[in-house]
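Please find below my notes on the model, set out as numbered points. They deal with the two ligand sites and then with one strand pairing.

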Amino acid sequence: MENNIDKNAEEILSKLPSAIPPYKLLKLEQKPPKHWAAGVPAVMHSLDQLVLNASVLRGGRALFSMNQFDGFDCPSCAWPDPDDERSRLGEYCENGAKALAEEATSRKVDAEFFSKNSVYELSKLSDYEISQFGRITEPMYIPKGGTHYQPISWDEAFKKIAEKLNSLDSPNEAIFYTSGRTSNEATWVYQLFAREFGTNNFPDCSNMCHETSGYALLRSIGIGKGTVKLEDFYDTDLIIIMGQNPGTNSPRMLSALEKGKRNGAKIMAINPLPEAGLMGFRNPQQVRALFGEPFKLCDLYLPVKINGDISLLKALMKLVLEEETKNPGKVIDRKFIEEKTTGFDELVEDLKQYDINALAAESGISLQQLQEAAHMIATNKRIIVCWGMGITQQHNGVEMIHDIVSLLLMRGSIGVQGGGVCPVRGHSNVQGNRTLLINHHPTKEQLDKLQEHYGFNPPRDHGLDVVSAIHAMHEKKVKFMFCMGGNFLSAAPDTTYTANALRNLEMSVSVSIKPNRGHLIHGQEALILPVISRSEKDIVNGELQHVSTENSMGVIEWSRGVLDPLSEHLINETHVACRMAKAVLGNRSVVDWDKYINSYDAVRDDIEQCIPGFDDYNKRVVQKGGFYLPNGPRDGHFSSENDPNKATFFITPMTDNRLADDEFLMGTTRTHDQFNTVVYGLNDRYRGIFNERRVIMMNQNDIDKAGFKAGDKVDLFNYDDGIERIAPLFIIVAYPIPEKSTMTYFPETNVLVSVNNVVKGANMPASKYVRIKIKKHTPEIFKKVDQTLVVAYRADHA
Ligand SMILES: Nc1nc2c(c(=O)[nH]1)N[C@H]1C(S)=C(S)[C@@H](COP(=O)(O)OP(=O)(O)OC[C@H]3O[C@@H](n4cnc5c(=O)[nH]c(N)nc54)[C@H](O)[C@@H]3O)O[C@H]1N2
Ligand SMILES: Nc1nc2c(c(=O)[nH]1)N[C@H]1C(S)=C(S)[C@@H](COP(=O)(O)OP(=O)(O)OC[C@H]3O[C@@H](n4cnc5c(=O)[nH]c(N)nc54)[C@H](O)[C@@H]3O)O[C@H]1N2
Ligand SMILES: [Mo]
């Protein structure tokens, strides 16, 4: 490969902004992983963030309003706020404080900043460095062939969008992406505009996150979301947490776990990593908890192999059935199964083919531990199963969720108090986006309702999701992409492929609050539209507005910012969508966009007319604690693909996870210092990994067998679809993780995730199931990476 890059290629490279964070190694420090989460360090870190990142006044004041009954919804995760008591000091966690500091910063990225820094130069910085510059203060535009973003007025920006959209041959040449922070109100007008324009192309972050859960649950119980409420955690017998890291990603969940456990519940954790937040907790909002022994959370920890959950669940079902044989009538809820489900006998029959010892070996859990787990399930009646990305981002994630549902149905534990399914949602309003029709395959009833209420004909063909949108951009079937928040480039799989797909666009538009790598890999023309953030005051016609969001458990609550917007040029997302609609559709539109611009109440009134469960929206949303959306399965009313009145036990296949000697399975996870693609800091405190993100966690035996040492530099490879994908320069970290399983951080390793490696049924990237090879690092690898980039670029732009 050496010297194989010709002159022309070098020229391409010297102008091609990098889609991948640069390969700079820092100075890794390692400490033993923690056995408990939060506590004094968490408090100190929250304060640190706010003091360092924002002026104390801007961030600090906001902190006390976060998640209060009259404050704003935390922009971090979707975990619900307690209904009864909320701490007067603010209902927040360390990572909520970081998310707030991130948007409450007083640093500004203005026109001058962009005139001094070319897109190419900015791309040489790490994601952490890029996010440190601050908030974007005015709309920016880069023309075809441009090297720098330049300022543009809002009117001009909407005009450019209108010209482009109206020049397309078909509305389906446009796509409208959504990241899960957008409020209900903005979501509604946004999807309404795109549907009146004529497309169902709504890829969203859900297509990389909980699509698997929605798809599997809709098929098996009749609703695409969870069935439990926060109160269920307080009075239950057993909480099982699979593939989810609450200490980092939903820290306020730890308070609920503590409360449940103090009331007598047991906790079981199933995860390849012994995550601190699964093991123990010191409640940072209780002085007495900050000192002394941490509160023990987990009663049984099962260190499953990556993707071993499918064998583990089958083993648990078999063993639970055995417990029933030992104690007839005590374990299996025959009455419930008879009345509310279908497919039980077939499932029992199917499970007979599996050998329990083989299942144990494939899951990586000893038979004895599996028996202990099954006994806990067989003897505790009310069971909640929570899960996160460790399950949904597996190629067979849908099947795993069917097995989770079957396990619960056997015990009659869905639709009962203190029992049910709990997919823990990610983004703070990703659930609300889906409820309000950010959906590339809306139902006929939903579209009929829009047609009836508004009087236009919404498109009926299904639209593109994230993975199919990437392919469509490649094939130049799509020419325009609008992103309501998010960072499509870095969140999506197969970074090189996705980058080239994005470069094929004629125009890309990104509604954002801060610069991110996604702004640097753009269409021929690109716009950045900066908006006010959740914590800032949204003032329309001199009046402070509130918006609303839906949390992970189906509760709609209002949210009202408290900070002054950082710049006078910032507008809100609802106005972005309405003004875009006016510019694009003009007289063609049958919707009164000005009414929505002037009043969010009017938006909510129309949502109420179109979406079930929003009766008296305006009145109920401002009530203390908001209101709960209807949930049939919670009330014991099931439906499923196989029976309109019953839940289904699905029969699922096993997976062949055999690996060659030099092959490993890799998961991609979050550190404690990031929110998805936004890197706040360089530490992963609970896992004891400091000052470095380019690490690969491996079992010591695997390290020895492969002839490596901890600290060695390696390159990572994936060979799906016969293509060599390379992630160069990682450091080996010895970690308590099962053999043959490895873990790295997202987005650095997204380059290794094939766009075709998807979750069956849900078409999500299977980013926690990546087959990799690990080789000793050689400096020559960089040339090979460059070569790959140039070849891929040429192929796409030929
Ligand atoms: N601070 C912070 N909060 C966040 C986010 C953030 O980035 N930062 N992101 C938000 C979003 S959008 C989401 S979706 C959620 C994500 O929250 P989580 O669902 O917790 O996401 P991850 O950190 O990707 O990984 C989850 C866990 O899966 C485990 N895992 C990996 N492979 C397997 C497997 O094969 N089996 C099992 N059982 N476990 C496995 C990993 O060890 C890890 O503990 O958090 C939300 N909240
Ligand atoms: N390999 C791998 N890939 C993954 C995952 C994984 O675990 N592994 N996780 C997946 C998951 S679960 C998800 S949800 C996706 C996330 O995908 P996205 O939602 O697309 O990504 P985020 O990183 O959350 O988006 C961050 C950007 O949103 C913008 N932003 C922040 N706040 C606001 C706001 O208030 N308004 C607006 N308009 N913009 C704002 C900022 O500019 C910021 O740069 O990534 C997925 N990708
Ligand atoms: Mo997510």
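1. In this predicted model, an oxygen atom of ligand 2 is placed 3.0 Å from an N or O atom in the side chain of N676, which falls under the heading of a polar contact, that is, a pair of N or O atoms within 3.5 Å. Two nitrogen contacts accompany it: a polar side-chain atom of R181 lies 2.9 Å from a nitrogen atom of ligand 2, and an N or O atom in the side chain of N750 is 2.7 Å from a nitrogen atom of this ligand. On its own, ligand 2 has 930 Å² of accessible area (Shrake-Rupley method, 1.4 Å probe), of which the protein covers 96%.

2. Around ligand 2 there are 30 residues, with Y177, N516, E573, T677 and N750 coming nearest; a residue is counted if one of its heavy atoms lies within 4 Å. By class, twelve of these are nonpolar, 13 polar and five charged, where Gly is placed among the polar residues and Asp, Glu, Lys and Arg count as charged. Domain 1 (2-30 + 658-797) and domain 2 (41-209 + 430-622) each give at least three residues to this shell, the bounds being taken from an automatic or database domain assignment.

3. Ligand 1 is likewise surrounded by 30 residues, and the closest are N271, E275, D309, R670 and N676. A nitrogen atom of ligand 1 is 2.7 Å from an N or O atom in the side chain of D309, while an oxygen atom of the ligand is 2.8 Å from a polar backbone atom of N245. The protein buries 98% of the 920 Å² that ligand 1 exposes when taken alone. Its shell has ten nonpolar, 16 polar and four charged residues.

4. Away from the ligand topics, strand β21 (residues 547-550) has both faces covered, with V547 and T549 on one side and S548 and E550 on the other, all buried, meaning under 20% relative accessible area with a 1.4 Å probe and protein chains only. β21 pairs with strand β22 (residues 555-559) in the antiparallel sense over four bridges, pairing being accepted where DSSP finds at least two bridges, and T549 stands opposite E557 in β22. The two strands form a hairpin with four residues between them, and G554 in the turn has a positive phi of about 75°.

5. On conventions, residues are numbered from 1 along each chain as its sequence is written, chains are lettered from A and ligands numbered from 1 in the order written. Local features need pLDDT of at least 70, side-chain atom pairs count only at pLDDT 80 or more, and totals for chains, interfaces and linings use all residues, while side-chain values use heavy atoms, with hydrogens and water left out.

Key: Buried < 20%, exposed > 50% of the residue type's maximum accessible area, 1.4 Å probe, protein only. Polar contact = N/O pair within 3.5 Å; in protein donor to acceptor, adjacent residues only side chain to side chain.
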